[in-house]
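Reader: Hi! I'm new to looking at protein structures, and I'd love some company while I go through one. Could we look at it together?

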Number of protein chains: 2
Amino acid sequence: MSLDAAILTALRLPKTGAVSGAELSQKLGVSRAAIWARVEELRSLGYDIEASPHLGYRLVSVPDVLHADDLHSRLPGVKVVGRDIRVFQETTSTNDVVEKLARDGVKEGVVVFAESQTRGRGRLGRKWISPEKRGLWFSVLLRPNLRPQAATQLTVAAATALARAISTQTNLSPEIKWPNDILIKGKKVAGILTELSAELDQVKYLILGIGVDVNLNASEFPPEVRKLATSLKIEAGRTINRAELAAAVLEELDTDYARICAGQFETLADEWEERCTTIGHNVVIRVGDRSIQGRAESLDSDGALLIRTQHGRLERIIGGDVSVEK
Amino acid sequence: MSLDAAILTALRLPKTGAVSGAELSQKLGVSRAAIWARVEELRSLGYDIEASPHLGYRLVSVPDVLHADDLHSRLPGVKVVGRDIRVFQETTSTNDVVEKLARDGVKEGVVVFAESQTRGRGRLGRKWISPEKRGLWFSVLLRPNLRPQAATQLTVAAATALARAISTQTNLSPEIKWPNDILIKGKKVAGILTELSAELDQVKYLILGIGVDVNLNASEFPPEVRKLATSLKIEAGRTINRAELAAAVLEELDTDYARICAGQFETLADEWEERCTTIGHNVVIRVGDRSIQGRAESLDSDGALLIRTQHGRLERIIGGDVSVEK
């Protein structure tokens, strides 16, 4: 952990009150002057840190920016997801950045955030708008020991982690639409793009690209999606702290990923099914040129959706465009 | 087609006899001097081209090199596979080169050969030895409209194309060992490494890496694989023309790929099953830590192997290490 992250962690510990320079200096093993210099630097980034001669330092407020050290300081306990965090002001697509890291052999768990993306992508090359500082646009590199067929497990994990984090951070009730969307009152608020590199029977690496429309105003959505999409701010009626939400999502995802690695996908699938609006409904799923109609019954052990067709057959669906018939 | 490729094509047409400079000049729309210059260049590459004042040019022999123009001149009819051919003297792995091309948006069908590979790869990161000019080490870029689950179809296509081409070029009887090996009398002579980049429900691109041990001598295999591997030269008792074999494989693969794109995988699967030593036998398949035992029954419509286990259950296997129990 960097010194900045260590300072922010220490300042967060006493929920009220302050930490003295002497205490910080001792705890972190650096001089009080060094602490002071870093506090000045953090202030220049927008962190409001009060310094009182008697009480010491107190973190009053944090700016609405994503800052790797800040995110680190919020995630002391993660084992894999988020142990390496990198923040870009602007990228083409965070999935592209992570793909380059993956090919360079970077360890799994690295997370790349961008404050804005110039070529954010949704599924099948669709565009994903990513205006500056209005959302969370990030990608996670994983190297699970799975067959490509089981990669859907990770989309399921990401959806569950997202739903859980949004729920605790906003008090909204997110629903999961299989396989990769998070909805609030039927409108899309977040999406997951899973991309993978594989041999026939082994994933080499997998990238979870996650986009959350956090603080967009209605006018910031393109007109053609305004009826279908929303933001957490619109739904909650208040601005949501992006750094807190980001940390919550990564923490939940780290937990879910550990469950999958331990072969406990079933427990995850149960939670997923509870939050899922697709299960139990009649759906039409378009997969390429094909269209499959039936009742969505459950997830199988690979994370595929099981559809009972009109003819009574059970079909396994890996991905596609789902419409729920109400 | 380049001028060199056009000249070689024209020289190949009259199976015996020669083509006059005047005829070539008219047919190809360039001066006789230009033809002469290119013939000189081809001679410098090792092509033995006789020039007689009365009869014209005659192709006497070709050198044992892979030359993109030469390969092109042998493949006038291909639609996708081989319409763009690139030959490197040395690469790390031809799959790596093709992956870069794929990411740069190069069209499907490009084939990259290397005279030698410094880091040739087999399945699951295993090493593939690729000594200079002793084999065919090449990779093909495809962009099929398939789900990742159906990618095995292309391994099956490559195996079938390889077996067919080896059979016609050498009179040997190649057998297919599911999913990705070609054997002669039980010894491995060629392998296929299928790598893909995908979203959950759509392949973005797929790379077929193919290695054929053509003219290796027994002493050129590492001691630990000598009992398991062989070359076409060892089995046929003569040196095999690599360019002819390469052209034959690409032509067959172009045909097989067209069948898959037309949804005619079933016809391919039938041919494959006839050539396959795995089908109809009791096998043990290791997939990661798991081991599955049973009788290999057939291929399903995605190219997966169907195994009837001891308990009577039918299991679908995408890939793994197969041992056949004799």
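Reader: Which order do the strands have in the open sheet of 5 strands in chain A?
Author: Happy to help! This is a predicted model, so please read everything here in that light. In the open sheet the order is E13-E12-E11-E10-E14 of chain A, and the pairing is antiparallel.

Reader: Nice. Which strands stand at the edges?
Author: Those are E13 (314-317) and E14 (321-325) of chain A. Each has a single partner strand, so one side of each has no neighbour in the sheet.

Reader: And how much are neighbouring strands turned against each other?
Author: On average by 45°, if you ignore direction.

Reader: How many bridges join E10 to E14 in chain A?
Author: There are 5, and the two strands run antiparallel; E10 of chain A covers residues 282-287. To find one of these pairs on your screen, look for Asn282(A), whose bridge partner in E14(A) is Glu325(A).

Reader: Cool, found it. New topic: what domains does chain A have?
Author: The domain assignment gives domain 1 (3-61), domain 2 (68-275) and domain 3 (282-325).

Reader: How many residues are in contact between domain 2 and domain 3 of chain A?
Author: On the domain 2 side there are 13, and they meet 10 residues of domain 3. Two elements give two or more residues to the domain 2 side, namely helix H6 (152-170) and H9 of chain A. By class, that side of domain 2 divides into 7 nonpolar, 4 polar and 2 charged residues.

Reader: And what separates the centres of those two domains?
Author: The centres of domain 2 and domain 3 of chain A, taken over C-alpha atoms, are 23 Å apart.

Reader: You mentioned H9. At what angle does it pack with H8 in chain A?
Author: At about 135°, and the axes of the two helices are 7 Å apart. H8 spans residues 242-261 of chain A, while H9 spans 265-275. That angle makes H8(A) oblique to H9(A).

Reader: Which residues meet there?
Author: From H8(A) you have Asp256(A), Arg259(A) and Ile260(A), and from H9(A) come Phe265(A), Thr267(A) and Leu268(A). Sorted by class, this contact has 3 nonpolar, 1 polar and 2 charged residues.

Reader: Okay, now the two chains. How many residues does the contact take from each?
Author: It takes 24 residues from chain A and 24 residues from chain B. On the chain A side, H6 and strand E8 (187-199) each supply at least two. E8(A) gives the most, with 6 residues. That side of chain A has 9 nonpolar, 10 polar and 5 charged residues.

Reader: How many bridges join E8(A) to E8 of chain B?
Author: There are 5 of them, and these strands run antiparallel. For a place to look, Ala198(A) stands opposite Leu196(B) in E8(B).

Reader: What turn lays chain A on chain B?
Author: A turn of 180°, with a shift of 0.0 Å along the axis, and the RMSD is 0.0 Å. The two copies are thus related as by a two-fold rotation axis.

Reader: Which residue of chain A comes closest to that rotation axis?
Author: Ser197(A) does, with its C-alpha at 2.3 Å.

Reader: Last one: why do the copies meet through the same surface?
Author: Because 100% of the interface residues of chain A are also interface residues in chain B.

Notes. Residues numbered from 1 in each chain as written. Chains lettered and ligands numbered in written order. Predicted model: local features only at pLDDT ≥ 70, side-chain atom pairs only at ≥ 80, totals over all residues. Axes fitted to C-alpha atoms, helices over the stretch in contact; angles between N-to-C directions. Helix = DSSP H or I, 4+ residues; strand = E, 2+ residues; numbered from the N terminus. Parallel < 35°, antiparallel > 145°, perpendicular 65-115°, else oblique. Contact = placed C-beta atoms within 7 Å. Nonpolar A, V, L, I, M, F, W, Y, C, P; charged D, E, K, R; others polar. Pairing = 2+ DSSP bridges. Least-squares fit on C-alpha atoms with pLDDT ≥ 70 in both. Domains from an automatic or database assignment.
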